[in-house]
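Student: I would like to practise justifying structural labels. Could we go through one model together, with me asking for the reasons?

Tutor: Gladly, let's look at it side by side.

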Amino acid sequence: MNGNKNKTMWQYYLILGAGVILFAAALLSLKNTLFFLKNAEKATATVTSLRVFESDGEVFSPLFTFRTRNNIEYTYELPEGTNPSAW
């Protein structure tokens, strides 16, 4: 019976070790996200146009335009589309 207990103990330690590693990775990810949010520049974007794609019907993808503090204008296209248009 003692041999059977040793077989299950290594599985317990393996799962515990994986859990500790995943928990540490989650904490690192949280730290990076908080750092990004603290240092990120905020901007308000405006939907300037919609692109229409054919994919089992019409799919609409918005193009956003925004300006930074340095007055540089950027245009960003959302990589997802919706039908009907959510914009």
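Student: Which residue in β3 is the bridge partner of Phe-64?

Tutor: Tyr-76 is the bridge partner of Phe-64. Keep in mind that this is a predicted model.

Student: What makes β2 and β3 a strand pair?

Tutor: Pairing needs at least two bridges. Strand β2, residues 58-67, and strand β3, residues 73-77, have 5 bridges in the antiparallel sense, so the definition is met. The two strands form a hairpin with 5 residues between them.

Student: What is notable about phi of Asn-71?

Tutor: Phi of Asn-71 is near 65°, which is a positive value in a residue other than glycine. Asn-71 lies in the loop between β2 and β3.

Student: Why is Asn-71 called exposed?

Tutor: Exposed means over 50% relative accessible area. Asn-71 has 52%, so Asn-71 counts as exposed.

Student: How are the elements of the protein ordered from the N terminus on?

Tutor: The order is α-β-β-β, with 1 helix and 3 strands in the protein.

Student: How many aromatic pairs does a search of the whole structure find?

Tutor: The search finds 2 aromatic pairs. In one of them, Tyr-12 and Tyr-13 have a centre-to-centre distance of 5.4 Å and an angle of 65° between the planes.

Student: Why is the pair of Tyr-12 and Tyr-13 called edge-to-face?

Tutor: Ring centres must lie within 6.5 Å for a pair, and planes over 60 degrees apart count as edge-to-face. With 5.4 Å and 65°, Tyr-12 and Tyr-13 pass both tests, so edge-to-face is the right label.

Student: And what makes the pair of Phe-66 and Tyr-74 stacked?

Tutor: Stacked needs planes under 30 degrees apart. The planes of Phe-66 and Tyr-74 are at 25° and their centres are 5.7 Å apart, so this pair is stacked.

Student: Are Phe-66 and Tyr-74 buried, exposed or partly exposed, and how do you know?

Tutor: Buried is under 20%, exposed is over 50%, and partly exposed is in between. Phe-66 has a relative accessibility of 27%, so Phe-66 is partly exposed. Tyr-74, at 40%, is partly exposed as well. The label also fits Tyr-12, with its 48%.

Student: How many salt bridges does the structure hold?

Tutor: There are 2 salt bridges.

Student: How do you know that Glu-77 and Arg-51 form a salt bridge?

Tutor: The cut-off is 4 Å between a side-chain nitrogen of Lys or Arg and a carboxyl oxygen of Asp or Glu. The closest N and O atoms of Glu-77 and Arg-51 are 3.2 Å apart, so the pair qualifies. This salt bridge links distant parts of the chain: Glu-77 is in strand β3 and Arg-51 in strand β1, residues 46-54, with the two 26 residues apart.

Student: Why does the pair of Arg-67 and Glu-73 count as a salt bridge?

Tutor: The N to O distance for Arg-67 and Glu-73 is 3.1 Å, which is within 4 Å, so the label holds here too. Both residues are partly exposed: Arg-67 has a relative accessible area of 45%, and Glu-73 has 46%.

Student: Why is Ser-61 called buried?

Tutor: Ser-61 has a relative accessible area of 3%, which is under 20%, so Ser-61 counts as buried. Ser-61 lies in strand β2 and touches Ser-49, Leu-50 and Phe-53, among others.

Student: What makes the approach of Ser-61 to Glu-77 a polar contact?

Tutor: The limit for a polar contact is 3.5 Å. The side chains of Ser-61 and Glu-77 make their contact at 3.4 Å, so the distance is within that limit.

Student: Is Thr-65 buried or exposed?

Tutor: Thr-65 is in strand β2. At 14% relative accessibility, Thr-65 falls under the 20% cut-off, so Thr-65 counts as buried. A polar contact of 3.4 Å joins the side chains of Thr-65 and Thr-48.

Student: What share of the residues of the protein counts as buried?

Tutor: Of the 87 residues, 8% count as buried. The accessible surface comes to about 7,700 Å², with 62% of it belonging to carbon and sulfur atoms.

Definitions and conventions: Residues are numbered from 1 along each chain as its sequence is written. This is a predicted model: local features need pLDDT of at least 70, side-chain atom pairs count only at pLDDT 80 or more; totals for chains, interfaces and linings use all residues. Side-chain values use heavy atoms; hydrogens and water are left out. Helices (H or I, at least four residues) and strands (E, at least two) are DSSP runs, numbered from the N terminus. Rings of Phe, Tyr and Trp (its six-membered ring) pair if their centres lie within 6.5 Å; planes under 30 degrees apart count as stacked, over 60 as edge-to-face and the rest as tilted. Buried means under 20% relative accessible area, exposed over 50%, partly exposed in between (1.4 Å probe, protein chains only). A polar contact is a pair of N or O atoms within 3.5 Å; within protein, one must be able to donate a hydrogen and the other to accept it, and residues adjacent in sequence count only if both atoms are side-chain atoms. Contact means heavy atoms within 4.5 Å. Accessible areas come from the Shrake-Rupley method with a 1.4 Å probe; for residues, only the protein chains shown count as cover. Lists of a residue's contacts leave out its neighbours within four places in sequence.
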